[in-house]
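Hi,

Here is the structure I promised to pass on, with my notes underneath. Have a look at it first, then read on.

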Amino acid sequence: MKDIIIIGAGALGEEIAWLIEEINDYRKEWNLLGFLDDYAFDKKDTVLGYKVLGKSTDIDAYPDAYFTIAYGSPNLRRKTVENINKESINWATLISPTVRVHHSNKIGKGVIIGRYTDLTINCEIDDFVMLNIHVVLGHKVKVGKYSIISPNVTVNGEGIIGEACQVGANSFIKNIVLGDNVTVGASSCVVKDVESDHVVVGVPAKIIKSGRPNKSISRDDQ
Ligand SMILES: CC(C)(COP(=O)(O)OP(=O)(O)OC[C@H]1O[C@@H](n2cnc3c(N)ncnc32)[C@H](O)[C@@H]1OP(=O)(O)O)[C@@H](O)C(=O)NCCC(=O)NCCS
């Protein structure tokens with residue numbers, strides 16, 4: 001079994017721990033050593049019975065381990081990767097055993113794919129993307145680096161999600177283009193392209209905020 005450490009010891013970290021347990025139930029693959037967390041490392045000793053080992057800068061103490069990022073904000077995911085700034089690090093790609101992945105799909109490093117998510121054909125999922133549970137991606141969908149797609153989102157075939165986007169739960173994205181740093185509110189229906197750095201909500205989705213979104217849609221992030 002390979003050693004693995006989760007960076008981020010909040011609620012999403014707990015969910016990723018469960019994903020790792022789920023993968024192990026299917027095929028013994030990971031030895032979960034515990035968590036690193038830059039914000040909560042001195043506030044809790046254990047999470048779900050796994051140790052909180054220190055901060056992300058302690059990564060060097062585990063040269064053979066794999067790592068996964070459990071921060072629910074694209075910007076924090078990016079910042080964590082950039083701060084660590086090491087080519088040699090082993091980033092785990094974690095895919096629930098309930099997900100069937102056709103060989104035509106391209107899936108990058110550090111990607112997390114939750115239970116019952118469905119990728120069809122020729123999708124491109126870039127590094128450090130998180131597809132939460134029950135996401136449906138049509139053919140040739142592209143999802144850019146660090147983006148987070150929440151539960152029950154559907155993206156039509158050929159839809160393009162830029163880098164560091166956050167798509168809220170239950171939303172529908174037509175075969176359109178979301179630029180980079182776009183936030184889509186929960187239960188929205190996006191039927192037209194959205195340029196970078198906007199927040200859109202509603203049915204059909206309209207812009208409510210512009211400028212780079214600086215707020216995480218996860219309650220868990222700092
Ligand atoms: C879109 C979102 C990020 C906006 O958050 P915010 O910047 O704090 O915005 P506010 O709460 O100040 O809302 C601004 C306005 O947009 C409206 N609004 C916010 N989210 C909305 C949504 N999803 N659908 C429709 N309208 C929405 C608010 O009612 C408010 O309207 P008002 O100005 O008429 O009162 C947030 O509301 C959202 O939907 N987050 C997604 C949560 C989610 O799915 N998380 C995944 C967890 S796994």
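Right after helix α2 comes Asn-85, which has a positive phi, near 45°. This is a predicted model, by the way, so take the angles here as computed from predicted coordinates. The helix itself covers residues 74-84, and its buried residues are Pro-74, Leu-76, Arg-77, Thr-80 and Val-81. You may spot a pattern in that list: an α-helix has 3.6 residues a turn, so residues three or four places apart point the same way. As for what lies over those buried residues of α2, the cover includes β1 (2-7), β5 (66-69), β15 (148-149) and β18 (166-167).

Domains next. The assignment splits the protein into domain 1 (2-91) and domain 2 (94-206), and their C-alpha centres are 23 Å apart. Where they meet, 15 residues of domain 1 are in contact with 14 residues of domain 2. On the domain 1 side, the elements giving two or more residues are α1, β5 and α2, and α1 gives the most, with six residues. That side is made up of nine nonpolar, three polar and three charged residues.

Which residues touch the most other members of the largest nonpolar core? They are Ile-16, Ile-20 and Val-129, in a core of 58 residues. Helix α1 (residues 11-26) is the top contributor to this core, giving five residues. Both domains take part, since the core draws at least three residues from each of domain 1 and domain 2. If you click on Ile-16 and ignore its neighbours within four places in sequence, you will find it in contact with Ile-6, Thr-68, Ala-70 and Ile-112. As background, nonpolar side chains in soluble globular proteins tend to be buried together.

Now the sheets. One is an open sheet of five strands, paired in parallel, in the order β10-β13-β16-β19-β22. At its edges are β10 (118-119) and β22 (189-190); each has a single partner strand, so one side of each is left without a neighbour in the sheet. β10 pairs with β13 (residues 136-137) in the parallel sense over two bridges, and Leu-119 has Leu-137 of β13 as its bridge partner.

Another open sheet of five strands, again with parallel pairing, runs β8-β11-β14-β17-β20. Here β8 (106-107) and β20 (177-178) are the edge strands, each pairing on one side only. Strand β17 (residues 160-161) is joined to β20 in the parallel sense by two bridges, with Leu-178 of β20 as the bridge partner of Ile-161.

A few backbone oddities are worth a look. For context, most residues other than glycine have a negative phi, and most peptide bonds are trans. Asn-122 goes the other way, with a positive phi near 55°. You will find Asn-122 in the loop between β10 and β11 (124-125). Is Asn-122 partly exposed or buried? It has 16 other C-beta atoms within 10 Å, so it counts as partly exposed. Tyr-146 also has a positive phi, about 70°, without being a glycine. Tyr-146 sits in the loop between β14 (142-143) and β15, and it counts as buried because it has 29 C-beta neighbours inside 10 Å.

There is a cis peptide bond too, joining Val-203 and Pro-204, with omega about -10°. Pro-204 belongs to the loop between β23 (198-201) and β24 (206-210). The C-alpha atom of Pro-204 is 6.9 Å from that of Ser-188, although the two are 16 residues apart along the chain. Ser-188 is in the loop between β21 (183-184) and β22, and its 23 C-beta neighbours inside 10 Å are why it counts as buried. Leaving out neighbours within four places in sequence, the contacts of Ser-188 are Gly-168, Ser-171, Val-200, Val-201, Gly-202, Val-203 and Ala-205.

Last, the ligand. It is surrounded by 17 residues, the closest being Gly-168, Ala-169, Gly-185, Ala-186 and Val-201. Two of those names, Gly-168 and Val-201, also turn up among the contacts of Ser-188. By class, the shell around the ligand has seven nonpolar, nine polar and one charged residues.

Cheers

Note on methods. Residues are numbered from 1 along each chain as its sequence is written. This is a predicted model: local features need pLDDT of at least 70, side-chain atom pairs count only at pLDDT 80 or more; totals for chains, interfaces and linings use all residues. A residue is near a molecule or strand if its C-beta atom, placed from the backbone, lies within 6 Å of it. Ala, Val, Leu, Ile, Met, Phe, Trp, Tyr, Cys and Pro count as nonpolar, Asp, Glu, Lys and Arg as charged, and the others, Gly among them, as polar. Two strands pair if DSSP finds at least two bridges between them. Helices (H or I, at least four residues) and strands (E, at least two) are DSSP runs, numbered from the N terminus. A residue is buried if 20 or more other C-beta atoms lie within 10 Å of its own, exposed if 12 or fewer, and partly exposed in between; C-beta atoms are placed from the backbone. Two residues are in contact if their C-beta atoms, placed from the backbone, lie within 7 Å. A nonpolar core is a set of buried Ala, Val, Leu, Ile, Met, Phe, Trp, Tyr and Cys residues joined through C-beta atoms within 7 Å. Domain bounds come from an automatic or database domain assignment.
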